[in-house]
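Visitor: Please put the structure up. I have some questions about its layout.

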Amino acid sequence: MPKRPLPAQIPLVILKAKCSFIAILLIFFSIDTVIAQKKIYNTKRINPSPPVLDGKFNDRAWNEVEWEDGFLQTKPYEGAEPTQRTAYKILYDDNNLYVAIRADDNEPKKITRRLSKRDEENTDRIGMILDSYFDKRTGFFFAVSSAGVKIDGIVSQDGDVWDNNYNPVWYVEVDRDDAGWSAEMKIPFSQIRFADREEQVWGISIYRVLYRTEEWMDWPYIPWSASGYIHRMGELHGIKGIESRRRIELMPYTVGKLSRFENEPGNPFADGSLNELSGGLDGKIGITNNITMDFTLNPDFGQVEADPSEVNLTTYETFFEEKRPFFIEGKDIFEFKDMGGG
């Protein structure tokens, strides 16, 4: 029968257990502190002239700020050093935000470049997420593929909902060379929402996807397994003196129809042809920079984008995703994360 420890030995065992527990707590606390530290990028106002979009970064304006790197992998190895270097710069003027992103690649011939429809992501790409409300819940994302295809939309519910049906008006050019590829963006302030303040502080995240190795890189580092995304992003400082924009967008449409059929003698309603013409208007008016009114007159109940061809041999109806701007913007308000539970 094993001997019980003497009474004098018991406090020593408890003390050792407490020390081990405290050591474990200190380790986790130090890890959380590193992750929780906010990275900050300080931008500057362009003086005197803005850069020309060509993806080459040879304009004098880019010399006003330094390259920012320090990206880390989120996939496939969380927190590991990336296999390729990525760096970026940001400038602004009265009307636009300018972003330069450089994606080095030691095997440039293997860069995946595919011409595709807008918002398709099966290629190398780099992009930015802006929490211009600075509510740490929502953001606008602007990305581009190595072939110059735009990928954009809105993030909501702290990163749980990504909606790429939102297509703002912005500009980007890409360039490829022997050391990798790069992108130069111009994002009008009229396409994003922000508070009417003298000095702005926005949430920001820059990311890159290396498609051939399925490698994701983030600045700042946000673990793939982390709960929430937007509130963990870095901060963009230095934007001062920009004014909120009165946003007005009008999107008219017309639909024409011409039918030919056999004429019926004596029937004035069947003379062999049928012509129809209809139209409508979708609109968006910025009442303030935080409040936008959307309206529609005689909405087009066909899709804004052409429906894809599909042969349906099942017993179920074909469903096409809603694409009309009036019916999709702000729909995330009515979407809730599935909590599971069986």
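Visitor: How many helices and strands are there in the protein chain?
Guide: This is a predicted model, so local features need pLDDT of at least 70, side-chain atom pairs count only at pLDDT 80 or more, and totals for chains, interfaces and linings use all residues. Residues are numbered from 1 along each chain as its sequence is written, and side-chain values use heavy atoms, with hydrogens and water left out. Helices (H or I, at least four residues) and strands (E, at least two) are DSSP runs, numbered from the N terminus. The protein chain has 2 helices and 17 strands.

Visitor: What percentage of the 342 residues in the protein chain is buried?
Guide: Buried means under 20% relative accessible area, exposed over 50%, and partly exposed in between (1.4 Å probe, protein chains only). Of the 342 residues, the buried ones make up 39%.

Visitor: Among contacts between residues at least 6 apart in sequence, what percentage joins residues at least 24 apart?
Guide: A contact means heavy atoms within 4.5 Å. With pairs at least 6 apart in sequence taken as the base, the share that joins residues at least 24 apart is 63%.

Visitor: How many aromatic pairs does the structure hold?
Guide: Rings of Phe, Tyr and Trp (its six-membered ring) pair if their centres lie within 6.5 Å. Planes under 30 degrees apart count as stacked, over 60 as edge-to-face and the rest as tilted. The structure holds 13 such pairs.

Visitor: Why is the pair of phenylalanine 189 and phenylalanine 194 edge-to-face?
Guide: The ring centres of phenylalanine 189 and phenylalanine 194 are 6.0 Å apart. Phenylalanine 189 is buried at 0% relative accessibility, and phenylalanine 194 is also buried at 0%. The pair is edge-to-face because the planes stand at 75°.

Visitor: Phenylalanine 189 also pairs with tryptophan 202. How many residues apart in sequence are the parts that this pair ties together?
Guide: This pair is edge-to-face too, 6.1 Å centre to centre with 80° between the planes. Tryptophan 202 is buried, at 0% relative accessible area. Phenylalanine 189 lies in the loop between strand 11 (180–188) and strand 12 (199–210), and tryptophan 202 lies in strand 12, so the parts tied together are 13 residues apart.

Visitor: Over which rings does the charged end of lysine 150 sit?
Guide: A charge sits over a ring if NZ of Lys or CZ of Arg is within 6 Å of the ring centre and within 35 degrees of the ring normal. For lysine 150, one ring centre is 5.1 Å away and another is 5.9 Å away. The 5.1 Å ring belongs to tryptophan 170, and the 5.9 Å ring to tyrosine 171.

Visitor: Which residues that line the second largest pocket are closest to its centre?
Guide: On a 1 Å grid over the protein atoms alone, a pocket is an open set of points with protein on both sides within 12 Å along at least five of seven lines; a cavity is a set where a 1.4 Å probe fits but cannot get out; lining residues have an atom within 4 Å of a point. Grid points are joined across faces, edges and corners, and a volume is the space filled by probe spheres set on the points. The second largest pocket holds about 540 Å³. Of its 22 lining residues, the closest to the centre are Gly159, Trp162, Trp216, Trp224 and Tyr229.

Visitor: How many residues in the lining of the second largest cavity are charged?
Guide: The search finds 2 cavities of 30 Å³ or more, and the second largest has a volume of about 40 Å³. Ala, Val, Leu, Ile, Met, Phe, Trp, Tyr, Cys and Pro count as nonpolar, Asp, Glu, Lys and Arg as charged, and the others, Gly among them, as polar. The lining, which includes Phe134, Lys136 and Ile230, has 3 nonpolar and 3 polar residues, and the charged ones number 4.

Visitor: What is the phi of phenylalanine 134?
Guide: Phenylalanine 134 is in the loop between strand 6 (125–131) and strand 7 (139–145), and is partly exposed at 28% relative accessibility. Its contacts include Trp202 and Glu235. Most residues other than glycine have a negative phi. In phenylalanine 134, phi is positive, near 55°.

Visitor: Which residue does a cis peptide bond join to tryptophan 219?
Guide: Most peptide bonds are trans. Here the bond is cis, with omega about -5°. The partner is found in the loop between strand 13 and strand 14 (234–240). Tryptophan 219 is joined to proline 220.

How values were computed
Lists of a residue's contacts leave out its neighbours within four places in sequence.
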